[in-house]
Amino acid sequence: LEIMLLIVDFEFTRYGGAPLIDSINGVENNKQLANYYWQYYINGEYATKDVESVTLNANDTVMWNYER
């Protein structure tokens, strides 16, 4: 999460202690109409942990997708 602060403009809300990304670079989750949310992938695999619980290795790639 700290690295993300350096890379992009994002907002998040904590739910049960875990962060949920609300927006990235001004593009917000769309809960009311289309159910689009920010999801992230590590090395092409869907991430199953919240962003604060993941430990990245030096060559890992993280990709954020805006999807249903």
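Trainee: Which residue forms a salt bridge with Arg14?

Mentor: Let's begin with the general idea: side chains of opposite charge can pair when their charged atoms come close. In this predicted model, Glu52 is the partner of Arg14, and their closest N and O atoms are 2.9 Å apart. The pair connects distant parts of the chain, with Arg14 in strand β1 (residues 10-15) and Glu52 in the loop between β5 and β6, 38 residues apart.

Trainee: How many salt bridges does the structure hold?

Mentor: It holds one.

Trainee: Is Glu52 buried, exposed or partly exposed?

Mentor: Here a cut-off helps: buried means under 20% relative accessible area, exposed means over 50%, and partly exposed lies in between. Glu52 has a relative accessible area of 39%, so it is partly exposed. Arg14 has 42%, so it is partly exposed too.

Trainee: What share of the protein chain counts as buried?

Mentor: Of its 68 residues, 24% count as buried. Asp22 is buried, with a relative accessible area of 16%.

Trainee: Where is Asp22 found, and which residues does it touch?

Mentor: Look at strand β2 (residues 18-24), where Asp22 is found. Leaving aside residues up to four places away in sequence, Asp22 touches Glu11, Phe12, Thr13, Val27, Glu28, Asn29 and Trp38.

Trainee: What does the secondary structure of the protein chain come to?

Mentor: There are one helix and six strands. Reading from the N terminus, you meet the elements as α-β-β-β-β-β-β. As for contacts with a separation of 6 or more in the protein chain, 35% of them are between residues 24 or more positions apart.

Trainee: What is the order of the strands in the open sheet of three strands?

Mentor: The order is β5-β4-β6, and the pairing is antiparallel. β5 (45-46) and β6 (62-67) stand at the edges because each has a single partner strand, so one side of each is left without a neighbour in the sheet.

Trainee: How many bridges join β4 to β6?

Mentor: Six bridges join strand β4 (residues 37-42) to β6, and the two run antiparallel. To follow the pairing on screen, find Ile42, which stands opposite Val62 in β6.

Trainee: Now for empty space. How much of it lies in the second largest pocket?

Mentor: The general idea first: rolling a probe the size of a water molecule over the atoms shows where empty space is left. In this structure, the second largest pocket has about 210 Å³ of space. Its lining has 13 residues, and the closest to the centre of the pocket are Pro19, Leu20, Trp38, Gln39 and Tyr40. The elements giving two or more residues to this lining are β2 and β4.

Trainee: Which element gives the most to that lining, and how do its residues divide by type?

Mentor: β4 gives the most, with four residues. By type, the lining of the second largest pocket has 10 nonpolar residues, one polar and two charged.

Trainee: One last feature, the backbone. What is the phi of Asn25, and where is its place?

Mentor: Asn25 has a phi near 50°, a positive value in a residue other than glycine. You will find Asn25 in the loop between β2 and β3 (27-28). Asn35 also has a positive value, with phi near 55°. Asn35 is in the loop between β3 and β4, and at 40% relative accessibility it counts as partly exposed.

Key. Residues numbered from 1 in each chain as written. Predicted model: local features only at pLDDT ≥ 70, side-chain atom pairs only at ≥ 80, totals over all residues. Heavy atoms only, no water. Buried < 20%, exposed > 50% of the residue type's maximum accessible area, 1.4 Å probe, protein only. Contact = heavy atoms within 4.5 Å. Pairing = 2+ DSSP bridges. 1 Å grid on protein atoms, 1.4 Å probe; cavity = no way out; pocket = protein on both sides within 12 Å on 5 of 7 lines; lining within 4 Å. Points joined across faces, edges and corners; volume = space filled by probe spheres on them. Nonpolar A, V, L, I, M, F, W, Y, C, P; charged D, E, K, R; others polar. Salt bridge = Lys/Arg side-chain N within 4 Å of Asp/Glu carboxyl O.
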